[in-house]
Amino acid sequence: GNYTGGLRPQVHFSPPQGFMNDPNGVFYQNGTYHLYYQYNPAALVAGNQHWGHATSQDLYRWENQPIALYPPVENSGVFSGSAVTDPNNTSGFFPDQDDGVVAIFTTNYGDANGGSGLQTQDIAYSRDGGYTFEWYDQNPVIDYNSSQFRDPKVVRYGDEWVMVITFSQEFTISIFKSPDLKNWTFASNFTDAGLLGAQYECPNMVQIPTRDHDTGEEGEMLDLLTLSIQPGAPLGGSVTEYFIGRFNGTHFNPIDRATRLNDFAKDNYAGQFFYGTPEGQDPIDIAWASNWQYTNRVPTASEGWRSAMTVPRSNYVTNATRIGWTLVTEPFNIDAITNTTIEEKSWTGNGSAIVDYSQVESNALHFSINVTGINQTELGTNPTLNFTFMSPVSGESIRNGFLFSGDNPFWVDRSGVNGFVDDIFWNTKFSVADIYNGTVWNVEGVIDRSIFEVFVDRGIHAATVLYYPDEPLTLLSVASRDLSPNAKVDLAVWSLESGW
Ligand code: FRU
């Protein structure tokens, strides 16, 4: 692949060429992360689904690998699914090794027009650590004679394998169990929960730690169930939501009846948690940074590729002041790709900074802004922290800000970037009400040529925002105002290396 294009992310995964959607089968084994993905190598739009494959030691520097799974017959597609390692040979596929890998996925048998037909659950096994796969000769392993039954995600629970999967148009997540990945027994349904949209897709379940967001004190382990819905998201198209609860071996029981969204913008879908990461480490996920509403039209086609993944993110849940239980999401291990500190500046009261990063070869940055010592009784009339990325050449910009009064909105505005703004579904302004606690506030983010990810309040809120500028954004300006005379702003900006 050619990764030099002006819109090509440098610290995010994107396919060598062609079209990509969901991450699939993500797992970690012997120091290597494996990422498979929904892949059409032959066109710049979805269809003809294969499993593309890439590997990494740090989740930022990726090595493209040969395609891992091919459509088995004409007009079929290898749809989304998962992969597990099978060190104890529960499957029987690996008599002489402890690094066997099994992929569990949906085969979609399309109609003549490539539309959706029968969807069965199939498996394939790899004896070389995940690079090449053999189809199991007794597939399918689950068949309900349904055309809307897909996206199995398998995890280990106790002595068993547990699968979450959707009956998409029945708004049902089903749980199945197996001793060997071949024979599956129905265990329970989790139905009509959350926002329904028009279909349920790509469920995930993972054990997740709970932690005090301020003190870091550890609480009990809970289970997180994520669900992607599409079309019909509140902002249009695709969105991922989650439920916090307890899985008891057969049923998932949510701790409350709330629906919570992973992202307050609209370019984060079908995220998957890595299987096999070290015990005791917070779960890591990666998601497709796009939206079915417009993914087949975005302007990166001129560079021969479409779609990137989010940065890898580490996750825990917390019971936060004012908003209750919430997922906390932050970039994982970004230090691995950090080059140098290009700005560190602090000020008290009203102040500003301008950071010229035109010399950063990757055009990719990591930044953080911490505000401390805010005195609520001394806030001025328009207490704001605003920051803008812009191109001094074209005047294009992405503007962001937080208003420390009223509803405490944090907002992102991509309307100032030229590319694709005429698309009818390209919402350009996003906002979220923050849990602003009165004395401290924080925002952190990664910006990378055509993708911006922002994390508010140390990961309480996150947004994934695509943008397609005519000219690279190379200036960051930050300004604080009316935050009370003793409020201190600490800005830090790091350049990132290209992973390609
Ligand atoms: C989600 C999805 C999945 C399906 C795959 C096909 O984005 O629609 O439900 O398995 O994409 O590429």
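The largest pocket in this predicted model holds about 690 Å³ of space. Its lining comes to 26 residues, and the ones nearest the centre are Arg 156, Val 206, Gln 207, Thr 277 and Glu 279. Which elements give two or more residues to that lining? They are S9, S13 and strand S14 (218-229). S13 gives the most, with 5 residues. Sorted by class, the lining of the largest pocket has 12 nonpolar, 7 polar and 7 charged residues.

Now for the ligand. The residues around the ligand are Asn 21, Asp 22, Gln 38, Gln 49, Phe 79, Ser 80, Arg 150, Asp 151, Glu 201, Cys 202, Tyr 269 and Trp 292. By class, that shell splits evenly into 4 nonpolar, 4 polar and 4 charged residues.

Three side chains put a polar atom close to a ligand oxygen, as listed here.

| Side chain | Distance to an oxygen atom of the ligand |
|---|---|
| Asp 22 | 2.7 Å |
| Gln 49 | 2.6 Å |
| Arg 150 | 2.8 Å |

How much of the ligand's exposed area does the protein bury? On its own the ligand exposes 320 Å², and the protein buries 93% of that. As for where the shell comes from, strand S1 (18-29), strand S5 (76-85), strand S9 (149-157) and strand S13 (200-211) each give two or more residues to the shell around the ligand.

Put the two sites side by side and a couple of strands turn up twice: S9 and S13 each give two or more residues to the ligand shell and also to the lining of the largest pocket.

How values were computed: Residues numbered from 1 in each chain as written. Predicted model: local features only at pLDDT ≥ 70, side-chain atom pairs only at ≥ 80, totals over all residues. Heavy atoms only, no water. Near = heavy atom within 4 Å. Polar contact = N/O pair within 3.5 Å; in protein donor to acceptor, adjacent residues only side chain to side chain. Areas by Shrake-Rupley, 256 points an atom, 1.4 Å probe, with all protein chains shown as cover. Helix = DSSP H or I, 4+ residues; strand = E, 2+ residues; numbered from the N terminus. Nonpolar A, V, L, I, M, F, W, Y, C, P; charged D, E, K, R; others polar. 1 Å grid on protein atoms, 1.4 Å probe; cavity = no way out; pocket = protein on both sides within 12 Å on 5 of 7 lines; lining within 4 Å. Points joined across faces, edges and corners; volume = space filled by probe spheres on them.
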